[in-house]
Amino acid sequence: MEAVSRTAQWTAAARALETEREDRLFADPYARTVADQIGFELLDRYDGGGIVPFLAIRTTYLDRAIVKAVEERGIRQVVFLAAGMDTRFFRLPWPDGVTVYELDRPALLAAKAEMLADEPQPAGRTRVTVPVDLTQDWTGFLKEAGWKSEEPVLWVVEGLLFFLPEQAVRGLISTLSAHSAPGSVLLGDVISRAALVNPLARTFLQALKDDGNPWLFGTEEPEALLDDCGWAVREVKQPGEEGADFERWPYQVAPRALPGVPRSFLFTCDTPTHSEEPAA
């Protein structure tokens, strides 16, 4: 796999460690399989102090938001962009009729398919993998795979935006908005600009750069970014805040007004009520 795809395996390794805790926030019985040995080696290499608890919180926040959106909105199309080694298709309680689309680089999807080849396909749901380069035009490939732009969709953009330059971030989020029927939802995460130069994470950031996975984008105003790109922001949470703590965040949460603080943000967005018809 390409270097950038390897980050999916250290995320899976962190999920495996959370799964093996007695007080686990979620259970991902497939995480250790898809992490493989390289995932745990990279987790040791990238150990940035707060990485493991952050990934546990991010996974839990998105797990619950995904289940809620599908149950309450009746959404039956779910698209994971840069799906990586995500195994939610197998482990979440999806209602009947859901189609999960997983978009990622061809080599990663091929490796993941080999790792999960012996896992039975859960009944009542469908999984479609779509090999794409998200920096190129990918919507046509998704439509060819069966996705319908005229129906509501749940987009999940987890662990992706900070690896892209700002122009690509804005282009991607705007593309999602332009192709979202009313009733659609966007879930994801982003970091602050200060996190890109955090002196306490210098070793971690340098290791990412050395491995060809540098963090490139952050914003102190995720609400403005999402609004500019056509989304109605329902909530933005920092790990440790109510609704994004789960009794797992080990640090004090700095007020948003305090400048220069490295931050992570978890967000939930809706399509604007004035949303036009989605692009054909």
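This is a short tour of one sheet, one helix and one residue in a predicted model.

Begin by selecting the strands of the sheet, which is open, has 7 strands in the order 3-2-1-4-5-7-6, and shows mixed pairing. At its edges you will find strand 3 (125-131) and strand 6 (232-237), each of which pairs on one side only. If you then follow the sheet from one strand to the next, the twist averages 20°. As background, strands of a sheet pair through backbone hydrogen bonds, and they may do so in either a parallel or an antiparallel way.

Next, select residues 77-81, which form strand 1, together with residues 98-104, which form strand 2; these two pair in the parallel sense over 5 bridges. Within this pair, Val-78 stands opposite Val-100 of strand 2.

Now move to helix 3 (51-73), which is joined to strand 1 by a loop. The end C-alpha atoms of helix 3 are 32 Å apart, which agrees with the 33 Å that its 23 residues should span at 1.5 Å a residue. Just after the helix comes Gly-74, whose phi is positive, near 70°.

Finally, select Ile-75, which has its place in the loop between helix 3 and strand 1. Is Ile-75 buried or exposed? Its relative accessibility is 1%, and because buried means under 20%, Ile-75 counts as buried. Leaving aside neighbours within four places in sequence, the residues in contact with Ile-75 include Ala-69, Val-70, Val-98 and Val-153. Show the C-alpha atoms of Ile-75 and Val-153 to see that these residues, although 78 residues apart in sequence, are 6.1 Å apart in space.

How values were computed:
Residues numbered from 1 in each chain as written. Predicted model: local features only at pLDDT ≥ 70, side-chain atom pairs only at ≥ 80, totals over all residues. Heavy atoms only, no water. Pairing = 2+ DSSP bridges. Helix = DSSP H or I, 4+ residues; strand = E, 2+ residues; numbered from the N terminus. Axes fitted to C-alpha atoms, helices over the stretch in contact; angles between N-to-C directions. Buried < 20%, exposed > 50% of the residue type's maximum accessible area, 1.4 Å probe, protein only. Contact = heavy atoms within 4.5 Å. Expected span 1.5 Å × (residues − 1).
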